[in-house]
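Please look through the sequence and the model shown here, and then read the notes that follow on how two of its helices are placed.

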Amino acid sequence: MFTDTFDKITWLLLAVVIAALAGVLATNHGAGAGRAAGLGKAVEREMAYRARVELIARLYGPVEELRTAGNDQEALLRLNELIRSYPGEAHGYILRGEILRKMGALDEAVASFEEGVRLNGDYVDAQSPLSRRRAIEGLVVEGLAGIGGRAAANPGNRSLAASLRKVNYLKSRLAGGCE
């Protein structure tokens with residue numbers, strides 16, 4: 001069987017083919033499992049995101065109703081309760097910023113939006129269902145003019161400088177900047 005040269009070459013070629021097939025199978029098996037795991041994680045992320053959006057709608061729905069009815073003060077009180085209960089949830093800060101801006105409290109609105117965006121950058125993402133990009137863009141324009149003007153007129157005022165830094169933070173996040 002291994003006596004002549006032809007048999008030795010045949011067995012050697014057969015061993016090379018078997019080794020190559022084993023290598024191909026091992027490589028494809030690992031990549032397929034990785035793709036399946038990656039797909040599973042993408043589905044899990046999507047489900048978690050949708051669950052978050054639904055939870056936000058349920059939690060903050062009464063606040064939205066108060067806003068719609070024109071009860072901004074009551075909505076702010078309810079938001080403060082929700083922010084105490086869910087301090088890591090950005091949506092409360094964003095809603096509070098919208099109400100404060102509507103009430104003319106620009107510095108406080110900027111601070112609230114800045115806190116919300118720091119907690120979750122989805123609010124500056126135009127593709128997100130939670131996006132408030134247009135509102136933030138308008139707030140940045142208004143903040144640069146209003147707060148920036150006051151800060152330039154009062155260079156020693158630390159409060160205005162801090163508010164201007166928050167406006168610039170929002171501006172940089174809109175431009176794609178990270179923390």
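**Two helices and their contact**

At 1.5 Å a residue, the 14 residues of H4 should span 20 Å, and the C-alpha atoms at its ends are indeed 20 Å apart; the expected span is 1.5 Å times one less than the number of residues, and helices are DSSP runs of H or I with at least four residues, numbered from the N terminus. This is a predicted model, in which local features need pLDDT of at least 70, side-chain atom pairs count only at pLDDT 80 or more, and totals for chains, interfaces and linings use all residues. Residues are numbered from 1 along each chain as its sequence is written, and side-chain values use heavy atoms, with hydrogens and water left out.

**Crossing**
- The axes (lines fitted to C-alpha atoms over the stretch in contact, with angles from 0 to 180 degrees between N-to-C directions) of H4, residues 106-119, and H6, residues 158-174, come within 9 Å and cross at roughly 45 degrees.
- That makes H4 oblique to H6, a term for angles that are not under 35, over 145 or from 65 to 115 degrees.

**Contact**
- The contact (heavy atoms within 4.5 Å) involves residues including Val110, Phe113 and Val117 of H4 and Leu160, Val167 and Leu170 of H6.

**Burial**
- Among the buried residues of H4 (under 20% relative accessible area, 1.4 Å probe, protein chains only) are Leu106, Val110, Phe113 and Val117, and their cover includes H3 (90-102), H5 (133-153) and H6.
- In H6, the buried residues include Leu160, Val167 and Leu170, with H4 and H5 among what covers the buried residues of H6.

Technical notes: Helices (H or I, at least four residues) and strands (E, at least two) are DSSP runs, numbered from the N terminus. Buried means under 20% relative accessible area, exposed over 50%, partly exposed in between (1.4 Å probe, protein chains only).
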